[in-house]
Every structure is written in structure tokens, then in C-alpha cells.
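User: I would like to go through the labels in this model one at a time. Please back each label with its cut-off.

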Amino acid sequence: MLHIKRSLFCLLCLICLVVGIQAQNTIRITSEQDVHDFGTILEDGGSVSHTFTIRNSGDAPLVITRVTTSCGCTTPAWTKEPIEPGKTGELQVTFNPKGRPGPFRKTISIFSNATDKRRHILTIKGQVSKKPLKLQVVYPYSIGNIKSSSKNIVFNTVTPDESVGEKIYILNEGSKPVSVRLGKTPTYLTADLQATELKTGQTSEINLVLQAKEAKRKGRINTELVIITEVEGEKPVSGTIDIAANLIDDFSKITSSEKAKAPVAQLSGTMLEFGKLPEKGGIIPLIGGKVSGTVEITNTGKSPLLIYSASSDNPILEVSGGKKEIKPGNSATFKISLRPRDIKTKLDAVVTIVCNDPNGPVRLVKVTAEK
């Protein structure tokens, strides 16, 4: 019995000794902050970094064995030497935002010989602001030594109280400086040239603003913007940019009952194919040297249909006839003509009809012909 008591006493002493030794060799890992917020950063602004301070709060050297991250976009670098009790080390975390727009939250796991935890977790977070799309400009049109991004500007549909804008980009591709100026524009169109003197390789912008109210009418409008270029010692060279817009009624506030009583434009067709055009002296006679086709517009609505314009931007086509106002149940015939001698190889054009039908204020008729 005495032998058993002595054995138990010795075991108890041994346990106390082991616990005491462990208590003396406790290794604790802590950090001054567990989360770092980068806030908003730019996607194309390059990588960002933050350094966490790692502290050994124990009483034996702390050794960081490895560090892992939750994403390959996050790169760690840390103190490799043992961190003495009460001392600190560093863990730098670098985040690459390229290709990662939107919010982000990444974790960093620290593995060490700490006795209080297997791993210590840190977090970085923030918002990546999407990089702006880089404007890719092509300059296919020439005006003297200047190249232009556009030859035609179409504002599509514009209501009476709207002001809409477009840009034309120009480039000096010549070997000499060029002076640029603009011709006079109608009252409804303003054109502002950003830079008037362009060195070789320099670009500029022409800012166009169309104010529909100043046009004082509805329908399709067409005008030209004249661009004059001049190189010192040479004659000025000018070119034009064709500008068009469809000025329509504002149907945004029309009620369902008003829409039910509105006019409805019904076209006999949206394609006019002349096919192969006859030659002079051919079997098919040419009246006045022209060939013609027709498009009929019927008003199937309940109020007068107003035809604001029926025209083509292509000067080869001539639109005539028809009516400015078509009463409910009535029709009007529009004649579309062209001269075969004006067609070189193939014609692919459009006739634009602008009216007060709220369901379709702009109607298109495609016209084709072959020589």
C-alpha cells in the first residue's frame, strides 16, 4: 500500500514538472491588426501592399514556417528569422488588382510553431475600380494631310427638347504641321474644334452638338460640316462630313388612350428592288432617262397621319409624290426614281420616312439596283 502511494506521488510530481516546463515554453502569435482595408483602388493602378506586424507574445522564440494565401493575386513576404519573446516581425502582403474589378476579400494563413493555435489568419479587403475602356480610334478618311474618324454622323431620333452630341476625331498623318478650321454650320448645330494647329502625329476632336428645337421643324434633316486644312506654303484643302438626324415628336408622355387614337402608318413594302437596270436604247424604255418604283403608305389609325419627310441621303435617289397628311383609312403613293447612268456598279441605299405614328415614327425602305 505504501509502495502504491509513493508511485502515485511520483507520477503527480512528474505531471506538475511537465506542465511547468510547457508553461515556461509557451509560444503565442498575435498581430496588431487582423484585417486591412485598402479602400478603393484602381484596376490599372498597379499592385498595392500592406505590412502586418506580427508579435511573439509567448516566452520562447516564434518561427513562421510558411504562409499561404487564398488567391494567386496575393503575394506574401515575411520575417524568416525566429522572433524572440516580446519582439515583432513583419508580414508584407501584396495584392495585384489587374483583371479583378469589384469588391475583394483575401485571406492569409500563417503557420508557425506557436503552441496556442495551428494557424493565424489575416485578411485584406477593398474595392477595385474598373479601368476605363481605352478608346481605339481608326482614321480611314482623308482631308488633305488630315485623317478623320468619320465621314458620316447620324444622330438617329431626336425629340424637340433634346440636345445630343457626337465626336469626330482627326489626326495629322502628314510630315508638316497643319492648320485646321471649320466652315459655318446651321443654327441647330454647333461644332467646336479642340485644337486648330496640329503637329505631325497630333490628334484633335470636333465636338458636335445638335439642338433639335433650333431646327424649328420635324423630319429628316441633312447638313454638311466643312473642314478646311492648310499647310504653310500650300493651297488649302477642304472636305465635308455628312450629318443627318431624324427629328420626331416626343411620345414619352403619351397615354394609352391617346395611343389608341393615334395614326398608324402601314407601308406596302420595305424593299424596292430595281434589279438589273436597263441601258440606254434597251428594250425597256426610260421615261426622262429614269426608272421608278412606288411605295404606298396607308393610315390604318384613327387620326391624321402626318408625313414630316420622305427622303434619301443618297443623292442618286429622288423621292416625289405622296402627301403631307393622310387621313384615317386613306393612302398616299410615293415615287422613288433614279437614273441608271448614275449607277456605276451596284446601288444599296435607304429612303427614310419620318411621321407622327408613335409606334414607328421612322420607317426605312431599302432600295437596290445593279448596273
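User: What do β26 and β27 form, and how many residues lie between them?

Analyst: They form a hairpin, with 6 residues between the two strands. A word on the source first. This is a predicted model, where local features need pLDDT of at least 70, side-chain atom pairs count only at pLDDT 80 or more, and totals for chains, interfaces and linings use all residues. Residues are numbered from 1 along each chain as its sequence is written, and side-chain values use heavy atoms, with hydrogens and water left out.

User: What makes β26 a strand, and what makes β26 and β27 a pair?

Analyst: Strands are DSSP runs of E with at least two residues, and helices are runs of H or I with at least four, numbered from the N terminus. β26 covers residues 346-355. Two strands pair if DSSP finds at least two bridges between them. β26 and β27 have 9 bridges, in the antiparallel sense, so by that definition they pair. Valine 350, for instance, has lysine 366 in β27 as its bridge partner.

User: Which sheet holds this hairpin, and what is its strand order?

Analyst: An open sheet of 5 strands, ordered β20-β27-β26-β22-β24, with mixed pairing. β20 (residues 271-276) and β27 (residues 362-370) run parallel over 4 bridges. Glutamate 273 stands opposite threonine 368 there.

User: Which strands are the edges of that sheet?

Analyst: β20 and β24 (325-326), each pairing on one side only. β24 is joined to β22 (residues 305-312) by 2 bridges, and these strands run antiparallel. The definition asks for at least two, so β22 and β24 count as a pair. Leucine 305 stands opposite isoleucine 326 in β24.

User: Why are β2 and β4 called edge strands in the other sheet?

Analyst: That open sheet has 4 strands in the order β2-β8-β7-β4, with mixed pairing. β2 (35-42) and β4 (64-69) each have a single partner strand, so one side of each is left without a neighbour in the sheet. Neighbouring strands are turned by 20 degrees against each other on average, direction ignored. Such angles are taken between axes, which are lines fitted to C-alpha atoms (for helices over the stretch in contact), and run from 0 to 180 degrees between N-to-C directions.

User: How do you know that β4 and β7 pair?

Analyst: 5 bridges link β4 to β7 (residues 102-112), in the antiparallel sense. Threonine 68 stands opposite serine 109 in β7.

User: Why is tryptophan 78 called buried?

Analyst: Buried means under 20% relative accessible area, exposed means over 50%, and partly exposed lies in between (1.4 Å probe, protein chains only). Tryptophan 78 is at 19%, so it counts as buried. Tryptophan 78 sits in β5 (residues 74-78).

User: What does tryptophan 78 touch?

Analyst: Contact means heavy atoms within 4.5 Å. Leaving out residues up to four places away in sequence, tryptophan 78 touches Ile64, Thr65, Arg66, Val67, Glu90 and Leu91.

User: What makes asparagine 156 stand out, and why is asparagine 156 called partly exposed?

Analyst: Asparagine 156 has a positive phi of about 60 degrees although it is not a glycine. Asparagine 156 lies in β11 (residues 152-158). Its relative accessibility is 48%, so asparagine 156 counts as partly exposed.

User: Why is lysine 216 called exposed, and where does lysine 216 lie?

Analyst: The relative accessible area of lysine 216 is 70%, so the label is exposed. Lysine 216 lies in the loop between α2 (212-215) and β17 (219-230). Lysine 216 has a positive phi of about 60 degrees, although it is not a glycine.
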